[in-house]
Amino acid sequence: MTTVQTERGTLPGGPARPTAPAWQRALTAPVRQCAAVTAALRAAPRRPLLAAAGIALLSLLGYAVVRHLAGTSMVDMVVYRAEGAAVADGHDLYALRVTEWSLPATYPPFAAMLFVPTTWFGLPFLRVAITAGNLLLLATLAHLSFKLVDWPRRDLRPVGVLLVTGLGVWLEPVFTTLRYGQINLALACLILWDLTRPDSARGKGLAIGIAAGIKLTPGLFAVYLLITGRVRAAFTAGATFVGTFLIGALVLPDATRGYWTKYMFDSSRVGKTVIVDNQSLRGLVARLLHVETPGAVATLLAALVAAAGLTIAVWAHRSARWSPRADAWSVCTALVTAVLVSPISWTHHWVWCVPVLVLLAAEAAHERSRPAAVRRLRWRPIFGLTLLGFLSFAMWIVPHKGDLDLHLSAFEQFPAGVYPLMGLCFLAVAALRVRSRRLAAGAPLVRVPAPRTDSDGLGSSGAQKAPAAR
């Protein structure tokens, strides 16, 4: 059976099978996903799979011991549960203050509505359930990252997923996400799932719109879709976001009015810009200038980086004819740009380190596979240094209690701002890679290929099809 025949549900010489209704496909999706996972595990080589499972299990057991000894408040989970309770009980959503730190609600009303089911369970159960759920989301993010990069080969991907799930808990952004009971991995999976779907897929952009409705910053990816020519997907994301606003306004009109006219602009509700927890460009500038609020300097820098990052992402996207993994570089550049330019990017927002590390590992593996005579030691050091940065917990090493964030020495500025500095380096590396690939292929540096047809883009395996030349 050919691919086209499979997609259309036809057999050679036979009648076309009717496509199942959308509701039926949605109901059977979990069963189909379980079957796909089972098939992938059966196709994987047995010894590497068992070795990866053993390594992952030992790592997770070690993580459980460290987690128990260090103590995990899962404070954000407590806030989410309080938001859901406020919605369920009809209380003022944005007046609540919970935990010893008097934390408020900071997400749109639509997000608080999604947290209502957490009120059905006690905190001890939620701690276990949300931790287990986040580990499953980490495995999903690893799978989507491998799909995006189209590496390694299909039968080895279950091995990679097990290793990333087991060892990835030691990456500081993932560790902190699990410690606080955050939703970053869920948002990352929504966004990356949408970005790895074929451009012709029905409803592409829907998941990005939902993510933006939960937390505003994913809206940047609707802009990314628009400027890379996926206009229909961009408008789908925008329309979905508007839909989340309307749902919030219908169910919680007072909270919606308060959020969009007042609380959204109150940065003090989110946290202090200058503290080392904030790994955005704005936080980096605040610490460098030793001020609580960096003002226009940081705003201008963020605007310049946003323009540069999105330009590099578009440039990479339009270089697929001459560059392998071009879309992966484009997407990862957009992801890194988003956390750089957000006013507040807590360390756990950098869970995008997972697809970035997978991409750099793919480049390093390709480099290692080249003949020794032409092999260059380039991507392996970049991958190693990036991995070390996300494993370092560097920002927590510098003195930061009280107001010490305002008085960091020049020597302490680097570990305190390690993520934004690595993010800027990643954007530079992405630009240099696109340029070198175009030059190596003898292509003009700014030539734009013809727009892709609906059948082009990332297919089910994540492989990139080259567009026709204009």
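**View 1. Arg 325 is buried, with a relative accessible area of 18%.** Here, buried means under 20% relative accessible area, exposed over 50% and partly exposed in between, using a 1.4 Å probe and protein chains only. This is a predicted model: local features need pLDDT of at least 70 and side-chain atom pairs count only at pLDDT 80 or more, while totals for chains, interfaces and linings use all residues. Residues are numbered from 1 along each chain as its sequence is written, and side-chain values use heavy atoms, with hydrogens and water left out. You'll find Arg 325 in the loop between H15 and H16. Helices (H or I, at least four residues) and strands (E, at least two) are DSSP runs, numbered from the N terminus. Leaving out residues up to four places away in sequence, Arg 325 touches Val 149, Leu 359, Ala 362, Glu 363, His 366 and Arg 433. A contact means heavy atoms within 4.5 Å.

**View 2. Helix H16 meets helix H17.** H16 covers residues 326-341 and H17 covers residues 353-369; their axes come within 10 Å and cross at roughly 145°. The axes are lines fitted to C-alpha atoms, for helices over the stretch in contact, with angles from 0 to 180 degrees between N-to-C directions. The crossing of this pair, H16 and H17, is left-handed, meaning that the near helix is turned anticlockwise from the far one by less than a right angle (clockwise would be right-handed). On the H16 side, look for Ala 328, Trp 329, Cys 332, Leu 335 and Val 336. H17 brings Pro 355, Val 356, Leu 359, Leu 360 and Glu 363 to the contact. Sorted by class, that contact of H16 with H17 holds nine nonpolar residues, no polar ones and one charged one. The nonpolar set is Ala, Val, Leu, Ile, Met, Phe, Trp, Tyr, Cys and Pro; Asp, Glu, Lys and Arg are charged, and the others, Gly among them, are polar. Two of these H17 residues turn up in View 1 as well: Leu 359 and Glu 363 are among the residues that Arg 325 touches.

**View 3. H11 and H12 pair up with a left-handed crossing.** Helix H11 is made of residues 220-227 and helix H12 of residues 231-251. Their axes come within 7 Å and cross at roughly 160°, so H11 and H12 run roughly antiparallel to each other. (Under 35 degrees is roughly parallel, over 145 roughly antiparallel, 65 to 115 roughly perpendicular, and the rest oblique.) From H11, the residues taking part are Ala 222, Leu 225 and Leu 226. They meet Val 231, Ala 233, Ala 234, Phe 235 and Ala 237 of H12. The tally for the contact of H11 with H12 is eight nonpolar residues, with no polar and no charged ones.

**View 4. Helix H14 is largely enclosed by the rest of the structure, because seven of its nine residues are buried.** H14 spans residues 281-289. The buried ones are Leu 281, Arg 282, Gly 283, Leu 284, Val 285, Ala 286 and Arg 287. What do they pack against? Helix H15 (296-317), H16, helix H19 (410-416) and helix H20 (418-440) are the partners. Just after H14 ends, His 290 takes a positive phi of about 60°.

**View 5. The loop between H6 and H7 holds Asp 150 and Pro 152.** H6 is 123-149 and H7 is 157-167. Asp 150 isn't a glycine, yet its phi is positive, at about 60°. Is Asp 150 buried or partly exposed? With a relative accessible area of 34%, Asp 150 is partly exposed. A little further on, a cis peptide bond links Trp 151 to Pro 152, with omega about -10°.

**View 6. Phe 393 sits in the loop between H18 and H19, as does Ala 394.** H18 covers 379-391. Phe 393 is another non-glycine residue with a positive phi, here about 55°. Phe 393 is partly exposed, at 26% relative accessible area, whereas Ala 394 is buried, at 10%. Not counting neighbours within four places in sequence, Ala 394 is in contact with Pro 415 and Val 418. Ala 394 and Ala 416 are 22 residues apart in sequence and 6.6 Å apart in space, C-alpha to C-alpha.

**View 7. Zooming out, the protein chain has 20 helices and zero strands.** Of its 470 residues, 47% count as buried. Among contacts with a separation of 6 or more, 71% involve residues 24 or more positions apart. The chain exposes about 22900 Å², and carbon and sulfur atoms supply 68% of that. Accessible areas come from the Shrake-Rupley method with a 1.4 Å probe; for residues, only the protein chains shown count as cover.
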